[in-house]
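Thanks for making the time this morning. I would like to walk through one structure with you, so please bring it up on your screens before I begin.

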Amino acid sequence: MTIPTSDDVTASWLTETLRSVGHDVTVSDVTQQQIGTGQIGKCIRYTLTFDGDAGSAPRTLVGKFASDDETSRQAGILFQNYLKEVMFYRELQRRVTIRTPTCYYAEIEGEGPVFALLLEDMNPAVQGDQITGCSAAVARAAVLELSGLHAPLWNDASILSVDWIGEPEPESIRENAERYETLLPGFLERFGADLTAGQIDILGKLAGADSPVTAGSPEPFSLVHIDYRLDNLLIDSLGDEPAVTAVDWQSITVGNPLTDVAYFLGAGLLSEERRRCEEEIVRAYYDRIVAAGVTDYGWTDCWTDYRRGVYSGFWVTVIASMLVQETERGNEMFLTMARRHSQQAIDLGSEEFLS
C-alpha cells in the first residue's frame, strides 16, 4: 500500500486501515484540520463519519507527516527524525510504560521524508505551550512519566545494537559539538540582543569546552527522548492530577536519562518556579525509578547527572533553531528556551563541567 500524504487519507483508506487492526467498520466521510506547531513535521486531525455502528473504533485520529517546508524536511532526513519516530512506534512503544498514543499505522519510505503515522487522538488533552511554560504540578507529572521511558530499559545492552536508535559514539558527539560551535555565531546574531551577558557567556563556554559534557558517563544509559518539552506533550488537566502524553519521538536515542529531566525542567518552567521546585521533582523521579527496579544508582549521582544534563538544552536550542524554517513563533520559542536553559546552568553551577 502506497504511503499516503495528508490529503490521501480518505474514507476508503481509513476503512482499510482500521479494519487491518481489528475494527470492522466502514468510514463514509472524513474531514481534516491541521493542528499543532511542529518544526519538522505537521499534524492533521481527522474526524470520521461511519456507516452503521462504529463500535469501539476511534471517531477522531491524528495523522503525522513531514513538514511542507523543504529546509525542515532536509533537517528531518539529516537527523533521521522521520525514521526514528516511525520505528519507535513499530519497535519500542511496547517496551516502555510512558504514556503514548495508540498507533494505527506507521510506515516510511527509506529514511523519509515520505512517511505517515496514524495515531490516537488524545482529546481533550491539549498541547503544552513552550513559551508560556507550565505549573509545577504539570512539570512533576511530565517528569514522572519519564520514569516510564527510562526505567524499563535502564542499562539494557539490547538497545545498543539497534542501528536506527543511534548510540552517541565519540564521532557523532564531536560532530554535534562542531555543529553547535559553527551555528552559535548565527544564533547569537539573531537572539543575542535579548540575552543577558551571563547567558551569552555560558552559551559560548559550551562551544569552547574540551569535553562533551552532554554525553555524560557510559552509565547509566537508557532510551532518551532528547526533545521532551511542552510543545511535544499533550496535557489533560481535567482530573485530580495532570495526565501527560508524549507524542513526538523524532529524536530518540541512547544517553544519560537525566538529560531528559534537566531539559524538560529547564525549558518548561519559568526560572523562578524552577528554582523553587526542581530538586523536589528530581527527587520524586529518582524515587520512581528506584521503585521500578533501578537499584544501583545513588541520589548523589542522580543530582550530579541532572546538573550536567542542562547542556542538552543548549545543543537542541542552538542547532535546531538554525536548521529549521524560521517563523515568528519559532524564534520566540527558541529565545525563551535559550534564556531558560542558560539561566538553569548558571543557577546550578554547571559551569564546573565545562573543562
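Strand β3, which covers residues 60-66, is joined to β5 by 4 bridges, and the two strands run antiparallel; within that pairing, Gly63 stands opposite Leu118 of β5. I should say at once that this is a predicted model, and that everything I describe is computed from it. Strand β4, residues 103-108, is likewise antiparallel to β5, with 5 bridges joining them, and here Cys103 has Leu119 of β5 as its bridge partner.

How enclosed, then, is β5 by the rest of the structure? Of the 6 residues in this strand, which spans residues 115-120, 5 are buried, and so β5 is largely enclosed by the rest of the structure.

Let me stay with the connection between β4 and β5, because the backbone there deserves some care when you set up a calculation. These two strands form a hairpin with 6 residues between them, and Gly110 in the turn has a positive phi of about 60°. The loop between β4 and β5 also holds Pro113, which is joined to Gly112 by a cis peptide bond with omega at about 15°. A second cis peptide bond, with omega at about 20°, joins Asn123 and Pro124, and Pro124 is found in the loop between β5 and β6.

As general background, most residues other than glycine have a negative phi, and most peptide bonds are trans. With that in mind, which residues other than glycine have a positive phi? One of them is Gln80, with phi near 55°, in the loop between α2 and α3; with a relative accessible area of 22%, Gln80 counts as partly exposed. Another is Asn155, whose phi is near 50° and which is found in the loop between α4 and α5; Asn155 is also partly exposed, at 23% relative accessible area.

Turning to the helices, α7, made of residues 258-268, is mostly covered, with 11 of its 11 residues buried; among them are Asp260, Tyr263 and Phe264. On the surface, Glu171, Glu175, Glu178 and Glu181 form a negative patch, and Glu171 has its place in helix α5, residues 170-191.

Finally, Asp29 lies in strand β1, residues 27-35, and counts as partly exposed, since its relative accessibility is 41%. Asp29 and Thr47 are 18 residues apart in sequence, while their C-alpha atoms are 8.3 Å apart in space.

Conventions: Residues numbered from 1 in each chain as written. Predicted model: local features only at pLDDT ≥ 70, side-chain atom pairs only at ≥ 80, totals over all residues. Heavy atoms only, no water. Buried < 20%, exposed > 50% of the residue type's maximum accessible area, 1.4 Å probe, protein only. Pairing = 2+ DSSP bridges. Patch = residues over 30% accessible without salt bridge, like charges linked within 9 Å, V, L, I, M, F, W, Y side chains within 5 Å. Areas by Shrake-Rupley, 256 points an atom, 1.4 Å probe, with all protein chains shown as cover. Salt bridge = Lys/Arg side-chain N within 4 Å of Asp/Glu carboxyl O. Lys, Arg positive; Asp, Glu negative; His and termini not counted. Charge placed at Lys NZ, Arg CZ, Asp CG, Glu CD.
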